[in-house]
Amino acid sequence: MANTPTIFDAEFFANAANARAWPFEEAKKIVKRLEKSPKDEVLFQTGYGPSGLPHIGTFGEVARTSMVRTAFRLLTGDKIPSKIICFSDDMDGFRKVPTNVPNQERMAEYLGMPLTKVPDPFSDEYPSFAHHNNARLQKFLDDFGFEYEFVSSTDYYTSGVLDKALLRMLEVYDDVMKVILPTLGEERQKTYSPFLPLCPRTGKVLQVPMIARDVEAGTVTYIDPETNEEVTVPVTGGAVKCQWKADWALRWYALGIDYEMSGKDLIDSVRLSSRIVRAMGGTPPESLSYELFLDEKGQKISKSKGNGLSMEDWLTYASPESLALFMYQKPKTAKKLYFDVIPKAVDEFYAFSKAAEKQTPAELLENPATHIAGEFPPAHELPISFALLLNLVSAANAEDSDVLWGFISRYAPDATPETHPELDRLVGYAIRYFNDFVKPTKEFRAATEQEAKAMAELAARLDEVEDATDAEAIQTLVFEVGKKYEFEPLRNWFKALYQVLLGQDQGPRFGSFVALYGVEETKALIAKGLAGELL
RNA sequence: GUGCCCGUAGCUCAGCUGGUAGAGCAUCCGACUUUUAAUCGGACGGUCGAAGGUUCGAAUCCUUCCGGGCACACCA
């Protein structure tokens, strides 16, 4: 999924200007911006809050931002350097001990401290909780091959990278307040400050009003809420950090961010932060508000609720590429993100990849697979679709890949795990899907007296079949037994086999099933079924 | 209240810069199967939420309205 240079050639550059895919529409906004004020390097930003772990939304945002960047490089002939900054707001105060971490009491002692001062509850491998989560984020992004530059807010504040911007914010303090105050409630207005000093005594991030400020000296003064003493601190060097919307604006201004997308719940924040940047004399980045994801009931997916689908969920049943495809599609439309969208995304990914084989550069630029891969997509040939595979795994009661491959080879005789590693990967996904979604819905019933007798005889006579892999011979035997015990109509006999042995009303052709599942295994299965062990 | 998204076949949705609608699933019929499922072929099925407007021509652009969903304190 990394951006590789493959599509960055003249042919693609020539066609990019006419490309209509949304990443190009976004990239064009940046091109226009550059026409007004040229610069040496274009910066994309995505934000990350290290009080939690990376999640499916993080993936979506970085993936989509990468797509815009790729489009931008194509539009500009890859002549203008660009990068994605992944900014971790790790100086933010520690507000709440997450319920899912160990060492709760110890963690509680650090409430109010910057996240980079809170110890890592999981191990002593990292200097802080934030470092731990930052590392997880980077690992997460690296695993998918994203190109980005990680930035720690704490590093930037303390090393002075943000000093100039902080002093500027101090200069225009009144204007900034004028922008923010009207958006706050009455209570909050009294205590609001865009600067949050770090208490020199306790190290905590304080939410206190400023009582004075000195632009010349570059300091602010507040009253320590515990000692009631006046404290004066510089706004530079990491002695203060900025509050949320001001912080966003500060970053945009200080780093010169050109592009940042965010969820639609942040529309007002973007507007406000933009006004702050203008008050400082800067230009806010181009932005895109994407729609939020909904769960199966149409509710907003939130980390705290734990509803909807997690990153792990998706990757358990499907590939990251298919998730990237899902993220590519219609970012401005609210979509359900639930298990049932997975098969379609998987199959469409392969369909788009395959279509790419015969496409011209102009067409490729409209092909989602191009935007996902960031390169000429490798053409994966799949003899059967994921949707079919899911049907198969369910019908065949296939709990391991060998059995499933047996059934697959009936449809695609040439396919093996070796010749079709992609398909083999899907087989793994399908089996997990089966285990988690199909298997729990199975309902086994006890055999009737007549059925029990017939099944016992079937089990006993299975050994008569000379070739245990001869599906036809086995099918004949099954058929004979059914006739002998006078099932009428005969399909009831087969139905009984499925219901008693597989816990479902339908199943694969039984002869084929036995041939693949194994004679001994089938006998054992029948024994279990008759003993009531499957119920 | 402000803003965003959606409203196209029974269901889930695709329809790009305007030229009288498509897919998957479901349903029905057929083929192949010594049951079923699967697979393959075919059929059925839409006044494109409503009304105006622009246009030779609109699902597609504009306006208004109706219906559904979501976001908008604090915190990030």
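Here are some friendly notes on this predicted model, covering its sheet, its salt bridges and its contacts with RNA strand B.

1. **The sheet.** A good place to start is the open sheet of five strands, which run in the order β3-β2-β1-β9-β10 with parallel pairing. The edges are taken by β3 and β10 (286–290), and each of these has a single partner strand, so one side of each is left without a neighbour in the sheet. From one strand to the next, the twist averages 25°.

2. **The β9 and β10 end.** If you look at β10 and its partner, you will find that β9 (residues 259–263) pairs with β10 in the parallel sense over five bridges. Within this pairing, Y259 stands opposite E286 in β10. Helix α2 (residues 22–36) packs on the sheet here, where α2 touches β1 (42–48), β9 and β10. The direction of α2 makes about 155° with that of β10.

3. **Salt bridges overall.** Side chains of opposite charge can pair when their charged atoms come close. The structure holds 27 salt bridges, and the next three points pick out a few of them.

4. **E147 and R69.** The side chains of these two residues form a salt bridge, at 3.0 Å from N to O. E147 sits in the loop between α5 (129–143) and β3 (149–152), while R69 belongs to helix α3 (residues 56–75), so the pair ties together parts that are 78 residues apart in sequence. Are the two partners buried or exposed? R69 is buried, with a relative accessible area of 6%, whereas E147 is partly exposed at 33%.

5. **D224 and R201.** Here the side chains meet in a salt bridge of 2.9 Å, N to O. This pair also links distant parts of the chain, 23 residues apart: D224 is in the loop between β6 (219–223) and β7 (230–234), and R201 is in the loop between β4 (195–197) and β5 (210–214). D224 is buried, with a relative accessible area of 3%, but R201 is partly exposed, with a value of 46%.

6. **E422 and R425, and a network.** This salt bridge, at 3.4 Å from N to O, lies within one element. Both E422 and R425 belong to helix α19 (residues 421–438), where they are three residues apart, about one turn of the helix. R425 counts as partly exposed, at 29% relative accessibility. Salt bridges that share partners also join R33, K39, D258 and E286 into one network. You have already met E286 above, as the residue in β10 opposite Y259.

7. **Around RNA strand B.** How many residues surround RNA strand B? There are 38, and the closest are R20, R95, T476, F479 and R491. Of the atoms of RNA strand B that come within 4 Å of the protein, sugar and phosphate account for 62%.

8. **Polar contacts with the RNA.** Three side chains show contacts to separate parts of RNA strand B. For the phosphate, an N or O atom in the side chain of R188 is 2.6 Å from a phosphate oxygen. For a base, a polar side-chain atom of W244 lies 3.0 Å from a base nitrogen. For the sugar or linkage, a polar side-chain atom of E291 lies 3.0 Å from a sugar or linking oxygen.

9. **Which elements line the RNA.** Two or more residues each come from α10 (244–255), α11 (267–280), α21 (471–484) and α22 (491–502) to the surface near RNA strand B. Which of them gives the most? That is α21, with four residues.

Note on methods: Residues numbered from 1 in each chain as written. Chains lettered and ligands numbered in written order. Predicted model: local features only at pLDDT ≥ 70, side-chain atom pairs only at ≥ 80, totals over all residues. Heavy atoms only, no water. Salt bridge = Lys/Arg side-chain N within 4 Å of Asp/Glu carboxyl O. Buried < 20%, exposed > 50% of the residue type's maximum accessible area, 1.4 Å probe, protein only. Pairing = 2+ DSSP bridges. Axes fitted to C-alpha atoms, helices over the stretch in contact; angles between N-to-C directions. Contact = heavy atoms within 4.5 Å. Near = heavy atom within 4 Å. Polar contact = N/O pair within 3.5 Å; in protein donor to acceptor, adjacent residues only side chain to side chain.
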